[in-house]
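User: I'm new to this one and would like a close look at a single part of it. Could you pick a spot, walk me around it, and show me how it ties in with its surroundings?

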Amino acid sequence: MAKKVAATKSKATVHDFDLILEPVITEKTMSLMQEQNKVTLRVKPTANRAAVKKAFEAVFGVKAVDVNISNVPSKTTTRGGRYKGVISGYKKAVVTIAEGEAIDLFKE
C-alpha cells in the first residue's frame, strides 16, 4: 500500500518575519495591488530575490510568481527653509502574486 504525501507549505520562521519589514502604502502601490496583483514591501538591506520569495510565501501563504528588488535612495529635505534633514533610503521588493490568489494587508 503506497502512502500519499500531501504537499505542505513551509512554516514561517523568525528569519522570514525579520526579512519583511513593512508594506509600502502609497497611491501607486495600492493601484498596483488592485490592478496587477502586486504587493510592495520594505525589506532588510541584506535581502535577495530568492529569500524574499521564500519568506513571502511562508508568511502570507500565497504563491509568489515574480520578485523585483530595488534600492530607494535617501533624500535630503528642508523643513521651513531653516532645518535640514535626511529621509533615509531603504530596499524595496515588489512581489507579483499568482493569478486567483490575494492577501489582505489591512486586517483588523
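Analyst: A quick definition before we start: a helix here is a DSSP run of H or I with at least four residues, a strand is a run of E with at least two, and the numbering goes from the N terminus. Keep in mind, too, that this is a predicted model.

Let's go to the end of helix α2. This helix is followed by N37, whose phi is positive, near 60°. Most residues other than glycine have a negative phi. N37 is a residue other than glycine with a positive value, and it sits in the loop between α2 and β2.

What does N37 reach? Its side chain gets to the backbone oxygen of E101, at 3.1 Å. Leaving aside residues up to four places away in sequence, N37 touches L32, V95, T96, I97, A98 and E101.

Pick L32 from that list and we step back into the helix, since L32 lies in α2. With the same sequence neighbours left out, L32 touches N37, K38 and T40. L32 and T96 are 64 residues apart in sequence, yet 9.5 Å apart in space, C-alpha to C-alpha.

Now for the helix itself. In α2, T29, M30, L32 and M33 are buried. They lie on the same side of the helix, because they cover an arc of only 155° around the axis. An α-helix has 3.6 residues a turn, so residues three or four places apart point the same way. Turn to the other side of α2 and you find E27, K28, Q34 and E35, which are exposed. The cover over the buried residues of α2 includes β2. The helix lies across β2 and β6, and runs at about 140° to β2.

Those strands belong to an open sheet of four, in the order β1-β2-β6-β3, with antiparallel pairing. At the edges are β1 (20-23) and β3, each pairing on one side only. On average, neighbouring strands of this sheet are turned by 30° against each other, direction ignored.

Follow β6 for a moment. Six bridges join it to β2, and eight bridges pair it with β3. A93 is a handy residue to look at: this β6 residue is the bridge partner of L41 and also that of I69. Six of the eight residues of β6 are buried, so the strand is largely enclosed by the rest of the structure. There is another helix over this sheet as well: α3 lies across β1, β2, β3 and β6, running at about 120° to β3.

What do these pieces share? In soluble globular proteins, nonpolar side chains tend to be buried together. Here the largest nonpolar core has 18 residues, and V39, L41, V52, F56 and V95 have the most contacts inside it. At least two residues of this core come from each of α2 (27-36), β2 (38-43), α3 (49-60), β3 (64-72) and β6 (90-97). Our helix is therefore one of the elements that supply this core. V39 shows how the parts meet: not counting residues up to four places away in sequence, it touches M33, F56, A93, V94, V95, I97, I103 and L105. M33, remember, is one of the buried residues of α2. V95 also turned up earlier, among the residues that N37 touches.

For contrast, look over at β5 (residues 83-87). This strand is hardly covered: the count of buried residues among its five is zero. Five bridges join β5 to the antiparallel strand β4 (residues 75-79), with T76 standing opposite V86. β4 and β5 form a hairpin with three residues between them, and G80 in the turn has a positive phi of about 70°.

Back where we began, then: α2 is followed by N37 with its positive phi, and the side chain of N37 reaches over to the backbone oxygen of E101.

Notes: Residues numbered from 1 in each chain as written. Predicted model: local features only at pLDDT ≥ 70, side-chain atom pairs only at ≥ 80, totals over all residues. Heavy atoms only, no water. Core = buried A, V, L, I, M, F, W, Y, C linked by side-chain atoms within 4.5 Å. Buried < 20%, exposed > 50% of the residue type's maximum accessible area, 1.4 Å probe, protein only. Contact = heavy atoms within 4.5 Å. Polar contact = N/O pair within 3.5 Å; in protein donor to acceptor, adjacent residues only side chain to side chain. Pairing = 2+ DSSP bridges. Axes fitted to C-alpha atoms, helices over the stretch in contact; angles between N-to-C directions. Arc of directions from axis to C-beta.
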